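I opened this notebook to record what I looked up in a structure that was new to me. The entries follow the order in which I took up each topic.

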Amino acid sequence: MTNHSQVTPTRKVELLAAGAAVVTVVLWASAFVSIRSAGEAYSPGALALGRLLAGALALGAIWLVRREGLPPRAAWRGIAVSGVLWFGFYMVALNWGEQQVDAGTAALVVNIGPILIALLGARLLGDPMPPRLLAGMAVSFAGAVAVGLSMSGEGGASVLGVVLCVLAAVGYAAGVVAQKPALGAASPLQVTTFGCLVGAVVCLPFAGQLVREAADAPVSATLNMVYLGVFPTALAFTTWAYALARTTASRMGATTYAVPALVVLMSWLALGEVPGLLTLAGGALCLAGVAVSRSRARTRETAGPAASAAGAAPTDVDPGARQQHGRAARD
């Protein structure tokens, strides 16, 4: 009876975190399809600002309803850094980079982000680097390379575009690693809401462009921009923060390798872009790598009951998850 009462809450937290991660990668994959439409009418900075403003409004409304209050002082450093680098810099750099290179090249370059997250997480956060995580990331990256090469058009890349995508990946990785400690002091909603607000403030210099371009943009492009703010930003960044608070940054970074595979599927269904065999094979590798990186060794499963009976904490749960366990019920 004692063993069951200890294992069940942990398993529930794992399932909720996995579900939140799935919501995140699906919505982030859909963002690539929406950016294609909105990016034809909006410049990179204006699109980023419009997306962040829509996201901040949605998040702010939920934050007011839930009455969560301001984040604790200990969380503000991580919120500010992630807001500047991930919500602000990353979105502008990626939007700009995708105007300079084809989608395949952009996806390929940006997918160095999870590798950077693993390296920074191990160095700065002490994240473990188990063999399964490393093997899964290697398989997924090979799949991302295959998808990128299959989607790259001849002469579609420029040095500036590649540099911008590299900078976007660096901003993304640094933002994730900065966000992780903040989630030990504040709730996922607080971290996401105020991170989005910080990003919107950073992008305010593009306000003039946003106003001018919104006056001429087709309704479909503006609706896509609002969609990007409400779903891939407000909802997906919140579910990301929820899952990140309950696992390591490295494992969450590896999860995003599912995005290229989902982008291929969504482009096929929504845009009628039939993928080639190399693209399909690459997508399958991406998903296989994610499955490997998130799996656990059988020895842990065998040793789990004994460890629990001895009063030891489960070894596959991140320390941040234990800190957040008391908050999990209301989040």
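**Entry 1: Helix 2 and its end**

I began with helix 2, which has 23 residues and reaches 33 Å from its first C-alpha to its last, close to the 33 Å expected at 1.5 Å a residue. I note here that the model is a predicted one. Just after helix 2, I found Arg 67 with a positive phi of about 55 degrees.

**Entry 2: The salt bridge**

I next asked how many salt bridges a search of the whole structure finds. The search returned 1 salt bridge. Its partners are Arg 66 and Glu 68, and their closest N and O atoms are 2.9 Å apart. I then checked whether each partner is buried or exposed. Glu 68 has a relative accessible area of 18% and is buried, because the cut-off for buried is under 20%. Arg 66 counts as partly exposed, at 37% relative accessibility.

**Entry 3: Aromatic pairs**

I searched the whole structure for aromatic pairs and obtained 12. One of these joins Trp 63 and Phe 194, whose ring centres are 5.2 Å apart. Why is this pair edge-to-face? The planes of the two rings stand at 90 degrees, and an angle over 60 counts as edge-to-face. I located Trp 63 in helix 2 (residues 44-66) and Phe 194 in helix 8 (residues 188-202), so the pair ties together parts that are 131 residues apart in sequence. I recorded both Trp 63 and Phe 194 as buried.

I also followed ring pairs that link residues into a cluster. The members are Trp 28, Trp 86, Phe 87, Tyr 90, Tyr 172, Phe 237 and Trp 240.

**Entry 4: A charge over a ring**

I looked at Tyr 242 and found Arg 246 lying over the face of its ring, at 3.8 Å from the ring centre.

**Entry 5: The surroundings of Pro 114**

I turned last to Pro 114, which lies in helix 5 (residues 113-125). Pro 114 has a relative accessible area of 1% and is buried. Which residues is Pro 114 in contact with, leaving aside its neighbours within four places in sequence? I listed Met 137, Tyr 172, Gly 253, Ala 254, Thr 256 and Tyr 257. Of these, Tyr 172 had already appeared in my notes as a member of the ring cluster. I also compared Pro 114 with Thr 255: the two are 141 residues apart in sequence, and their C-alpha atoms are 8.4 Å apart in space.

Note on methods: Residues are numbered from 1 along each chain as its sequence is written. This is a predicted model: local features need pLDDT of at least 70, side-chain atom pairs count only at pLDDT 80 or more; totals for chains, interfaces and linings use all residues. Side-chain values use heavy atoms; hydrogens and water are left out. A salt bridge is a side-chain nitrogen of Lys or Arg within 4 Å of a carboxyl oxygen of Asp or Glu. Buried means under 20% relative accessible area, exposed over 50%, partly exposed in between (1.4 Å probe, protein chains only). Rings of Phe, Tyr and Trp (its six-membered ring) pair if their centres lie within 6.5 Å; planes under 30 degrees apart count as stacked, over 60 as edge-to-face and the rest as tilted. Helices (H or I, at least four residues) and strands (E, at least two) are DSSP runs, numbered from the N terminus. A charge sits over a ring if NZ of Lys or CZ of Arg is within 6 Å of the ring centre and within 35 degrees of the ring normal. Contact means heavy atoms within 4.5 Å. The expected span of a helix is 1.5 Å times one less than its number of residues.
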